[in-house]
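Work through the exercises below with the structure open. Try each task before reading its solution.

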Amino acid sequence: MASGSLAMGSDASQLVWQRRRTALKRNLSAYAFILPFLVLFITFNVIPFFWALGLSTLKGDLVDPVKPFVGIQNFINLTHDSITLTVFKNSIQYVVMVVPTAVLTALALAFLIGNRLVRFKGFFRGVVYFPLLASAAASAQIWSYLLAPRFGLVNYLFKLLGLPEIYWLSDPRVALLAILLVEWWRGIGFHVVLFLAAMLGVPVELQEAARIDGANSWQIATRITIPLMRPVILFSVVMGTIWAFQLFDTVFVLTNGGPVHSTATMVWYVYNYAFRYGQIGMAAAMGVVLLAIIMPISFVQMRVLGRTD
Amino acid sequence: MLAEKHGRTGREIGRIAQAVIVYALLALVCVVMLGPFLFIFATSFKETYTLISIPPRIIPERFVWTNYLYILQELPFATWFLNSVLVALAVTLGTLFVDALAAFAFAKKQFWGRDILFGLMLATVMIPGALLLVPSFLITNKLHLINSYGGLVIPSIGGVLGVFLLRQFMQTLPTELDDAARIDGCSEFGVFWRVVMPLCAPALGTLAIVTFSGQWNALLWPLVVINNKKLYTLPQGLALLRSEFQVNYGITSAAAFLSVLPLMIVFLFLQRYFMEGLTVGALKG
């Protein structure tokens with residue numbers, strides 16, 4: 001094809017024209033390949049994004065044909081509505097509790113499984129990963145029985161240990177803690193698997209050299225292994241934070257935000273205000289707030305990933 | 001001589017003690033992580049009146065099938081299960097195909113706006129799904145896909161991170177094979193389908209596992225687009241059971257156990273892909 005055009009093209013402009021045509025063809029072929037993806041991406045990501053920003057300035061429910069423009073009124077409402085304040089408080093409380101808990105316990109578990117004495121590391125890694133296979137709905141079902149008052153297994157163990165009975169899911173003071181417990185159980189495997197992989201990446205010579213120099217296991221862990229795992233730990237913290245701010249499924253099935261909004265989260269708010277209470281504008285405004293929180297954190301995440309790649 | 005021998009046995013005793021502690025802790029980890037699954041498995045065979053006995057029984061007094069019979073005969077559990085299988089399979093196949101097509105262009109072709117487009121796509125990873133929930137619902141509604149398989153499947157197909165993963169993988173493949181195929185008269189799609197796709201099997205496997213398990217466990221989107229009980233997926237059905245049959249833990253345990261079983265079986269055989277998919281799935285957010 002190209003040689004044919006050369007033979008004909010005594011004329012330079014014809015040659016340029018020919019090149020443009022092949023370039024156009026190449027571009028069209030490339031765009032044909034990305035077209036299916038692009039159509040779905042624009043329909044269900046790009047358009048909804050800008051639409052959501054627009055909705056956050058409107059007032060109305062899902063079926064209202066006309067939704068009056070209210071400017072930033074929705075955002076102002078978010079700052080003095082008692083439910084939203086509870087939602088923000090819950091979300092922040094939850095993130096502050098769950099992220100350090102998950103990362104520290106995962107580090108401990110990774111060191112336990114990664115211990116030189118342990119054989120069948122792959123098996124134990126599989127064990128901690130296992131709860132990740134369960135949907136939040138399934139794990140909520142499992143734990144609603146385990147955490148039940150009186151006949152629940154957890155309260156029974158508490159009784160054996162001489163601890164007071166706890167109404168995990170109906171006492172507003174501990175319900176968020178119960179959600180944290182369930183989510184910890186379901187999600188901890190993610191951090192442990194990452195940490196184990198990072199630990200195996202730390203050169204054994206460094207640890208052996210330190211041991212010969214008289215360092216004990218604690219010193220080797222805190223001075224050599226953990227500092228070398230820092231990028232992965234940072235990744236873990238960032239991911240844990242992003243997920244924690246988007247907590248929904250477990251709350252929806254286990255407590256549905258109750259009792260008295262003590263487990264209501266930001267995504268719970270979006271879902272309920274849009275699809276239960278018919279206040280799309282407020283739901284969208286909460287979504288925008290979530291975006292404003294997640295975006296900077298994600299930005300850090302991309303920077304971290306960029307460095308480790 | 002003697003002292004040295006003493007020292008060695010002392011060290012050995014210390015080592016054994018350490019091993020005992022380590023394995024005891026690992027046993028505890030196994031109980032905490034696997035115990036709840038074994039417990040609901042046992043519970044699913046219990047008779048209703050034994051469910052609230054104090055102290056709680058772990059092993060059933062008598063094994064009965066009534067809970068399983070109930071969810072299969074009285075509840076549309078089999079339908080929910082089938083819906084989950086169909087939807088998760090359709091989304092997985094669709095995502096693999098659509099993402100791989102796009103990844104092929106991004107990895108192997110030069111075109112106008114390629115890098116800008118790719119950068120913009122990656123930037124959207126930062127957007128929380130909850131923000132898109134309402135407009136996605138409104139669009140799905142405009143397309144008349146509410147309460148249909150299409151509404152569950154089509155909006156869930158394709159993902160930026162799948163494209164990213166496959167592009168990274170395709171960039172490492174040698175281009176000589178593509179060129180050889182082109183000289184042999186292969187079309188561009190033929191190069192993609194017959195040359196590049198087979199070589200991408202490991203990356204496709206990882207993406208398939210991530211997509212399938214994510215879809216199998218998804219709750220929020222089905223909750224929004226489906227309100228016909230015949231079209232529920234498993235997580236949605238489980239959530240419904242919780243609200244309607246709160247007391248009967250035998251039934252909920254049987255349903256929860258059956259819903260987790262398929263992924264457990266897949267996990268036993270394809271553990272590697274789950275582990276590799278961890279970071280990809282993580283990014284989906």
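**Exercise 1. Place Ala90(B) and state whether it is buried, partly exposed or exposed.**

Solution. Start with the neighbour count. Ala90(B) has 18 other C-beta atoms within 10 Å. A residue needs 20 or more to be buried, and 12 or fewer to be exposed. Ala90(B) is therefore partly exposed. Next, find its element: Ala90(B) sits in helix H3 of chain B. Last, compare sequence and space. Ala90(B) and Ile154(B) are 64 residues apart in sequence, and their C-alpha atoms are 8.9 Å apart. Keep in mind that this is a predicted model.

**Exercise 2. Ask how far the prediction can be trusted, for chain B and for the complex.**

Solution. Take chain B as a whole. Its mean pLDDT is 89, and 94% of its residues reach 70 or more. Then go by element. Confidence in chain B is highest in H3(B), at a mean of 96, and lowest in H1(B), at 84. For the complex, the predictor gives an ipTM of 0.89 and a pTM of 0.89. One caution applies: where pLDDT is low, predicted coordinates should not be read in detail.

**Exercise 3. Describe the fold of chain B and decide whether it is a compact globule or more spread out.**

Solution. Count the elements. Chain B has 13 helices and zero strands. Now test the overall form. The radius of gyration of chain B is 25 Å, whereas the globule rule gives 19 Å for 285 residues, so chain B is more spread out than a compact globule. The C-alpha trace of chain B spans about 75 × 70 × 35 Å along its principal axes. Burial comes next: 43% of the 285 residues of chain B count as buried. Finally, look at contact range. Of the contacts in chain B between residues at least 6 apart in sequence, 73% join residues at least 24 apart.

**Exercise 4. Repeat the analysis for chain A.**

Solution. Chain A holds 14 helices and zero strands. Its radius of gyration is 27 Å, well over the 19 Å of the globule rule for 309 residues, so chain A is more spread out than a compact globule. Its C-alpha trace spans about 95 × 70 × 30 Å along the principal axes. Of its 309 residues, 41% count as buried. Among contacts in chain A with a separation of 6 or more, 68% come from residues 24 or more positions apart.

**Exercise 5. Split each chain into domains and find the distance between their centres.**

Solution. Begin with chain B. The assignment gives domain 1 (2-65) and domain 2 (67-284). Their centres, taken over C-alpha atoms, are separated by 36 Å. Eight residues of domain 1 of chain B contact ten residues of domain 2 of chain B. On the domain 1 side, that contact has four nonpolar, three polar and one charged residues. Now take chain A. Here the division is domain 1 (2-55) and domain 2 (73-308). The centres of these two domains of chain A are 44 Å apart, again over C-alpha atoms.

**Exercise 6. Which elements of chain B give two or more residues to the side that touches chain A?**

Solution. Size the contact before listing its parts. It takes 71 residues from chain B and 74 residues from chain A. The elements of chain B that qualify are H1 (2-43), H3 (77-108), H5 (129-142), H11 (220-225), H12 (234-244) and H13 (249-284). H13(B) gives the largest share, 14 residues. Sort the chain B side by class: 54 residues are nonpolar, 13 polar and four charged.

**Exercise 7. Trace the largest nonpolar core, then follow helix H14 of chain A to a buried residue.**

Solution. The largest nonpolar core has 168 residues. Those touching the most other members include Leu290(A), Phe195(A), Ala102(B) and Phe104(B). H3(B) supplies the largest share of this core, 16 residues. Check one member: Leu290(A) touches Phe245(A) and Met266(A), along with Pro128(B), Ala130(B) and Leu131(B), leaving out residues up to four places away in sequence.

Now move to Ser298(A), in helix H14 (residues 280-308) of chain A. It counts as buried, because 22 C-beta neighbours lie inside 10 Å. Beyond residues up to four places away in sequence, Ser298(A) touches Ile242(A), Val125(B) and Met126(B). Ser298(A) and Leu194(A) are 104 residues apart in sequence and 18 Å apart in space, C-alpha to C-alpha.

How values were computed:
Residues are numbered from 1 along each chain as its sequence is written. Chains are lettered from A and ligands numbered from 1 in the order in which they are written. This is a predicted model: local features need pLDDT of at least 70, side-chain atom pairs count only at pLDDT 80 or more; totals for chains, interfaces and linings use all residues. Two residues are in contact if their C-beta atoms, placed from the backbone, lie within 7 Å. Helices (H or I, at least four residues) and strands (E, at least two) are DSSP runs, numbered from the N terminus. Ala, Val, Leu, Ile, Met, Phe, Trp, Tyr, Cys and Pro count as nonpolar, Asp, Glu, Lys and Arg as charged, and the others, Gly among them, as polar. The radius of gyration is taken over C-alpha atoms; the globule rule is 2.2 Å times the number of residues to the power 0.38. Domain bounds come from an automatic or database domain assignment. A nonpolar core is a set of buried Ala, Val, Leu, Ile, Met, Phe, Trp, Tyr and Cys residues joined through C-beta atoms within 7 Å. pLDDT is the predictor's confidence in each residue, from 0 to 100.
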